[in-house]
Amino acid sequence: MKKSPRSALVLLSVLASLPAVSFALNPVIQTMYTADPAPVVHNGTLYLFSSHDQDVGEKNNFNMKDWVLATTTDMVNWTQHGAIASLRDFPWAAKEISGWDGFDNGAWAPQAIERDGKWYLYAPVQGRGIGVLVADNPLGPYTDPIKKPLIAGQAGGLYDSIDPTVYIDDNGQAYLAWGNPNLWSVKLNKDMISYDTSVGENGIIRHPMTVKALGERNPPDTQGVTLPKPALRGTSYEEGPWLYKRKNLNYLFFAAGPIPEHLGYSTGPTPDGPWTYGGVVMPPQSAFTNHPGVVDFKGKTYLFYHNAALPGGDGFKRSVCVDELKFNSDGSVRMVSPTREGPAPVATLDPYQRVEAETIAWSSGVKIEPSSAGGQNVRDIHDGAYITVRNVDFGGSGARAFMASVSSTAKAKQATGAKIEIRLGKLDGHLIGTLPVSGTGGQWKPQSVRVSGVSGVSGVQDVFFVFRGAAGEELFKFDYWQFSQRDLPADQAAN
């Protein structure tokens, strides 16, 4: 998943030749840079764990301090939960490595899994080892149960202990695999925080790095190429393994080289292989790294990956995307061409229940932050910024009113000049209501407005919240919203 800064500098010229890509609903998160997607499905919700590229940092280097989470039930609207764990949850890393401030960087590709009511987050710490955190729910709080690396640095070099993937087979056996430039794995014990030491070398299995298993590197590495040691790789395997099973076939998806990375896959009879190379899943994208995450959800299979498609993006500021993954009848994987649209909705959104403002299909010009009311809220709202939510089902009787919980620094009930335009279908689509935002003195207050006159608004719609106000000012903060099928009393109606 990661390359050394020196390596990245050598490769930046390669990136300049890649075509620029602009997505409409990919990448799935627009309020921050995300990378290394790790999707997991539990009780009808898809949880998307990922690493987090900071907005600012040392040029041509990664700046990664925490791991973030987003969720969806419909594959188009993503509720962003912000950082759920960070490097500071692994204090052993800084203590054991003299002269290294482990809290500044190194929160690389994670993966999480649920077992027996507990959530386990496996995360590499700048290649210094793979740690494990445990929580009672996916949002945390997470704690370190062993207070040391689960997987220490391997003999292959600094970058070998990265990119963990975790998988539980049909018999309840858990596996953890990882590595760059080698592929390693262990069989986890049922406690998920230790592993079986009776196999391999002290429990660690080194997988054969053969062309038959992992594909031919084309073009091959040559002496003089700047890469993390060992300098030469004999196969296409680079990093970012991902274990997955479909029917009776086990799959190993991985980031493949040479740089810029593409995505490849191999298949095998067990999660430990032996592996047989299958081919290319996705060609190189606009970042020089990539990272696969494959999951089944509501009858479809999805491939998560990352690129550099957001404004300001590059190889160190990446963004997670998703498209449907399809298979041939023999189990081989069809190549995926990234789309602007992303996958189709698999469910609708109920506007008559509370919806968090950070539930977003697409946004422009906004960020999120921890809310004083709990959870997250939307911030950095300026004139012209907007949020889109897709596939909103208003039903046949229709909505008559809209409520938003907002916070403004202006005095309570003072006119601010800021407002929320509620539009359907597109950014300049049909205006069904305009909510003037009054001052709240910094408190969270619900404010309401009638929508669409007497007839209300009905059917399944895409909804745009367009923010208006004085240019250059942060207008207000936005916590949640809800439509109502009841009209507002006359003394509460803003229009």
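**Notebook: Arg-423 and its strands**

I began with a pairing at the end of one strand: Leu-424 has Val-463 as its bridge partner in strand 30. I note that the model I am reading is predicted.

**Entry 1: the strands around this pair.** I looked up how strand 27 and strand 30 are paired. Strand 30 covers residues 460–468, and its pairing with strand 27 is antiparallel, with six bridges. I then turned to strand 28, which spans residues 430–438 and is joined to strand 27 by eight bridges, also in the antiparallel sense. Strands 27 and 28 make up a hairpin, and five residues lie between them. In that turn I found Gly-425 with a positive phi of about 90°.

**Entry 2: Arg-423.** I chose this residue for a closer look; it belongs to strand 27, which runs over residues 415–424. Which residue of strand 28 is the bridge partner of Arg-423? I found that it is Leu-431.

Is Arg-423 buried or exposed? Its relative accessibility is 16%, and the cut-off for a buried residue is under 20%, so Arg-423 counts as buried.

I next asked what the side chain of Arg-423 reaches. It makes a polar contact of 3.0 Å with the side chain of Glu-421. The side chain of Arg-423 also reaches the backbone oxygen of Gly-429, at 2.8 Å. Leaving aside residues up to four places away in sequence, I listed what Arg-423 touches: Asp-428, Gly-429, His-430, Leu-431, Asp-462, Val-463, Phe-464 and Val-466. Val-463, the bridge partner of Leu-424, is thus among the residues that Arg-423 touches.

**Entry 3: another sheet.** I moved to an open sheet of four strands, in the order 13-14-15-16, with antiparallel pairing. Strand 13 (237–246) and strand 16 (276–282) are its edge strands, each pairing on one side only. From one strand to the next, the twist averages 25°. Within this sheet I examined strand 14 (residues 249–256) and strand 15 (residues 262–268), which run antiparallel and are joined by seven bridges. Here Phe-253 stands opposite Tyr-265 of strand 15.

**Entry 4: the whole protein.** I closed with the totals. The protein contains three helices and 31 strands. It has 495 residues, of which 56% count as buried. Among contacts with a separation of 6 or more, 61% are between residues 24 or more positions apart. The accessible surface is about 19,800 Å², and carbon and sulfur atoms account for 49% of it.

Definitions and conventions:
Residues are numbered from 1 along each chain as its sequence is written. This is a predicted model: local features need pLDDT of at least 70, side-chain atom pairs count only at pLDDT 80 or more; totals for chains, interfaces and linings use all residues. Side-chain values use heavy atoms; hydrogens and water are left out. Helices (H or I, at least four residues) and strands (E, at least two) are DSSP runs, numbered from the N terminus. Buried means under 20% relative accessible area, exposed over 50%, partly exposed in between (1.4 Å probe, protein chains only). A polar contact is a pair of N or O atoms within 3.5 Å; within protein, one must be able to donate a hydrogen and the other to accept it, and residues adjacent in sequence count only if both atoms are side-chain atoms. Contact means heavy atoms within 4.5 Å. Two strands pair if DSSP finds at least two bridges between them. Accessible areas come from the Shrake-Rupley method with a 1.4 Å probe; for residues, only the protein chains shown count as cover. Axes are lines fitted to C-alpha atoms, for helices over the stretch in contact, and angles run from 0 to 180 degrees between N-to-C directions.
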